[in-house]
Amino acid sequence: MATTTKALFGLRCTLCGERYAEGGDVYYACPKHPEGTGILDVEYDYAQVKARLVGKQPSADRYGMWRYRALLPVPAEPTLDALIDAHTVPALKVGNTPLLRVVNPSGCRELWIKDDGRNPTASLKDRASALVIAKAKLEKRAIVSTASTGNAAAALAGLCASAKQRCVIFVPHTIPDAKRTQLVMYGADVVLVKGTYDNAFDVCMHACKKFGWYCRNTGYNPYTAEGKKTVSYEICEQLHACHHDSNCEGELHFESPDAVFVSVGDGNIVSGVHKGFKDLLALGLIEKMPKIFGVQSTGSPAIANAWRDKVDLRTKPDDMLLQPIECDTIADSIAAGLPRDPIRAARAARETNGQYILVEDADILAAMPAMARSTGVFAEPASATAYAGFLKAQQQKLLGSDEVVVVLSTGNGLKDIVSANRAVAKEMASVLSVPILSPETADETCHTLEKAFIAKL
């Protein structure tokens, strides 16, 4: 029996609008549509939510994303400390990642990087896993399972370890070594699947149904976007704090940016980002909805192409969801030939007067060191895709000179060191061409340094 939440109205199908009660027989997707296509939105009674937001809220420094518990689909009782002690909420603190200001940006008034690579397993997807694990624990599920290209898998594995929860993870056999190592290090049961993320997704779905496991699969589980939406709350609260010289403790105060850039694969992160802003706008906590720019690689452009061609995915979901395209991109975390949350992802740009931007893999590789050197944030390829989209938007003059812009960095660069080395191949060759110094004689050392560096400074 599912644990119900008074502040929830229930679940609503993105295709037909059918509503379902929370805790009822329909949990993952609307049964009136082909399997997994009727993604469910979580709807709230905003009057009840607003009443819960009055007064001091949990500490961001101590509880991270659970500061926004009143805006999440979990019961108001017991206390967070009690839930953590019971291993219902993972002890690892997720969220409260830094919002970093870039000095002297071009093309806009302010540029901020939301560095979600600082989460415990180094990606934004910790937010989804933290909430999904809490839901699974409340329902007393023995095993949680997911399919992933690596980041969602690491997030689930690490947070399950923190919450004493067993998990089974399905990943493509080609995932980067660093991501596979994370899973094994956390003690997850790992299954390598020959083929793509989409193949792993289907195998996971079948296993969950056959064995009764709790399925975390992105999009299919309606609560993944609910966890991810907390990044939007943090952006707005931290932006207000920076502009008003305050902190993110005590009562809640928010201020929205003018534009947000988000890398897009399955579509679930950008859906969550949009949902977070929609919540705040509906509650009267922000005055405007920021424009959302979804950024995809040309090697995995399914949602961007649908947005460009003005395909109404609500009336033609089968065109998108049942006919996968072949993906070929360095950004493995957003390689999705069969996007599982395309309707809400397209809606995020359409309803905010934003748009989708396509970037080449070469642009992504160039964006990795450009982002690191201008912001100090080391991002993996999928994360740097958002920054590449921002740079392209600058070139195309899509941003106003007076706008406040946020680029969402979703994962740390150490997730894929092979691609990082490709991004700085010329510089790395230069480093390796310099003779290895011997500390035996200071004069010889300085002579070598003069030849290699000093003249260039």
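Here are four short exercises with worked solutions on strands, helices and burial in a predicted model.

Before you start: residues count from 1 along each chain as its sequence is written. Local features need pLDDT of at least 70 and side-chain atom pairs count only at pLDDT 80 or more, while totals for chains, interfaces and linings use all residues, and side-chain values use heavy atoms, with hydrogens and water left out.

**Exercise 1**

Work out the strand order in the open sheet of 3 strands, and say which strands stand at the edges.

*Solution.* Start with what counts as an element: helices (H or I, at least four residues) and strands (E, at least two) are DSSP runs, numbered from the N terminus. Two strands pair if DSSP finds at least two bridges between them. Next, read off the order, which is β2-β1-β3, with antiparallel pairing. β2 (19-20) and β3 (40-44) each have a single partner strand, so they are the edges and one side of each lacks a neighbour in the sheet. Now zoom in on β1 (residues 8-13): 5 bridges tie this strand to β3, antiparallel. As a spot check, R12 has D41 in β3 as its bridge partner.

**Exercise 2**

Trace the β-α-β unit that begins with β7.

*Solution.* First, take the strands: β7 (residues 166-172) and β8 (residues 189-193) run parallel and are joined by 5 bridges. One contact to look up is F170, whose bridge partner in β8 is V191. Then add helix α6 (residues 177-186), which together with β7 and β8 makes a right-handed unit. Right-handed here means that, with the strands pointing away from the viewer, the path from the first strand over the helix to the second runs clockwise.

**Exercise 3**

Find the parallel partners of β11 and decide how covered this strand is.

*Solution.* On one hand, β10 (residues 259-263) runs parallel to β11 with 5 bridges, and A259 stands opposite K291. Helix α10 (residues 268-282) completes a right-handed β-α-β unit with β10 and β11. β12 (residues 355-359) also runs parallel to β11, again over 5 bridges; there, G294 has Y356 as its bridge partner. Now for the cover: 7 of the 7 residues in β11 (residues 291-297) are buried (under 20% relative accessible area, 1.4 Å probe, protein chains only). Split them by direction and you get K291, F293, V295 and S297 pointing one way, with I292, G294 and Q296 pointing the other.

**Exercise 4**

Classify K451 as buried or exposed.

*Solution.* Locate K451 first: this residue lies in helix α18 (residues 442-452). Its relative accessibility is 65%, so K451 counts as exposed (over 50%). Finally, check a distance: the C-alpha atoms of K451 and V434 are 9.4 Å apart, with the two residues 17 apart along the chain.
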